[in-house]
Amino acid sequence: MTYQIHPATLTDVPDIQQLNKKLFEHEIASGFDANIDANWSLSEEGKKEISARVSSPESCGFIAKDGDTTIGYLIGRIVEEETGRAESKFAELEHMLIDESYRGQGIGEQLVNNFKAWAKSKGLKLIKVNVSFKNAQAIKFYNKVGLEALDVTLVGNL
Ligand SMILES: CC(C)(COP(=O)(O)OP(=O)(O)OC[C@H]1O[C@@H](n2cnc3c(N)ncnc32)[C@H](O)[C@@H]1OP(=O)(O)O)[C@@H](O)C(=O)NCCC(=O)NCCS
């Protein structure tokens, strides 16, 4: 089966919001992160941020389609970090999801490849993603597409 991947535009924002909601619900139900706000995706704030990401030259979105149905998305942006490292600019993959019944067919990898090509066209050399430490499947996926663990953020209650 072939699926179409293309850059996201403002008309794709409602579909991305729905898929982002699935991502957050998945992360909460799996016990990855109790601090995720499940209401963000469909909120005005969520709509505003996703709309900004697909409109700005400093960020991007890609979607995967099966016919008229959006079955996956990726949102990313350029971030600059004062880390004391030689390269301070990163292409940050912020969030992505492939609808459950379409996983394991290489669609996620194709979205990441599109994001990498976009980042290279912007002159960037490094890609990064923050992923829940307990999300073993996603970490395995990111390893497969060439990302390796570097820093680990530890969080505790005060
Ligand atoms: C992680 C994710 C985006 C990968 O998308 P995908 O289209 O299934 O990825 P691909 O088909 O390109 O690669 C499959 C690889 O991903 C991993 N994987 C993760 N979850 C998987 C699943 N449910 N089914 C199959 N493979 C899965 C495996 O390592 C697999 O590698 P393999 O084929 O060598 O066994 C997708 O599983 C997903 O949407 N997960 C839920 C949301 C999530 O965790 N997002 C990342 C956090 S931002």
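## Exercises on a ligand-bound chain

The residues of the shell around the ligand divide into eight nonpolar, eight polar and four charged, where Ala, Val, Leu, Ile, Met, Phe, Trp, Tyr, Cys and Pro count as nonpolar, Asp, Glu, Lys and Arg as charged, and the others, Gly among them, as polar. The model is predicted, and for that reason local features need pLDDT of at least 70 and side-chain atom pairs count only at pLDDT 80 or more, while totals for chains, interfaces and linings use all residues. Residue numbers run from 1 along each chain as its sequence is written.

**Exercise 1. Determine how many residues surround the ligand, and which elements each supply at least two residues of the shell.**

Solution. Step one is the criterion: a residue is near a molecule if its C-beta atom, placed from the backbone, lies within 6 Å of it. Step two is the count, which gives 20 residues around the ligand, the closest being Arg103, Gly104, Gly108, Glu109 and Phe141. Step three assigns residues to elements, with helices (H or I, at least four residues) and strands (E, at least two) taken as DSSP runs numbered from the N terminus; α1 (13-29), β4 (89-98), α3 (107-121) and α4 each supply at least two residues of the shell. The largest share, five residues, comes from α4.

**Exercise 2. Describe the order of helices and strands along the protein chain, and compare its radius of gyration with the globule rule.**

Solution. The protein chain has four helices and five strands, which follow one another in the pattern β-α-α-β-β-β-α-β-α. The radius of gyration of the protein chain is 15 Å, close to the 15 Å that the globule rule gives for 158 residues, so the chain is as compact as a globular protein of that length; the radius is taken over C-alpha atoms, and the rule is 2.2 Å times the number of residues to the power 0.38. Along its principal axes, the C-alpha trace spans about 45 × 40 × 30 Å. For burial, a residue is buried if 20 or more other C-beta atoms lie within 10 Å of its own, exposed if 12 or fewer, and partly exposed in between, with C-beta atoms placed from the backbone; 25% of the 158 residues count as buried. For contacts, two residues qualify if their C-beta atoms, placed from the backbone, lie within 7 Å, and residues 24 or more positions apart account for 60% of the contacts with a separation of 6 or more.

**Exercise 3. For helix α1, test the expected span against the distance between the end C-alpha atoms, and locate the buried residues around the axis.**

Solution. The expected span of a helix is 1.5 Å times one less than its number of residues, so the 17 residues of α1 should span 24 Å, which agrees with end C-alpha atoms 24 Å apart. The buried residues of α1 are Val13, Ile16, Leu19, Asn20, Phe24 and Glu27. Seen down the axis of α1, these buried residues fall within an arc of 145°, so they line one face of the helix, the arc being that of the directions from the helix axis to the C-beta atoms. The face turned away from the buried side carries the exposed residues Pro14 and Ala29. The cover over the buried residues of α1 includes α2 (44-55), β2 (59-66), β3 (69-80) and β4.

**Exercise 4. Repeat the analysis for helix α3, and state which residue with positive phi follows the helix.**

Solution. At 1.5 Å a residue, the 15 residues of α3 should span 21 Å, and the end C-alpha atoms are 21 Å apart, which agrees. Buried in α3 are Gly108, Leu111, Val112, Asn114, Phe115 and Ala119. These buried residues cover an arc of only 155° around the axis, which puts them on the same side of α3. On the face turned away from that side stand the exposed residues Ala117, Lys120 and Ser121. The helix is followed by Gly123, whose phi is positive, near 85°.

**Exercise 5. Is Ala64 buried or exposed, and with which residues is Ala64 in contact beyond four places in sequence?**

Solution. Ala64 is found in strand β2 and is buried, with 25 other C-beta atoms within 10 Å. Leaving aside neighbours within four places in sequence, Ala64 is in contact with Tyr3, Ile5, Ile71, Gly72, Ile107 and Leu111. The C-alpha atoms of Ala64 and Ile107 are separated by 7.4 Å, although the two residues are 43 residues apart along the chain.
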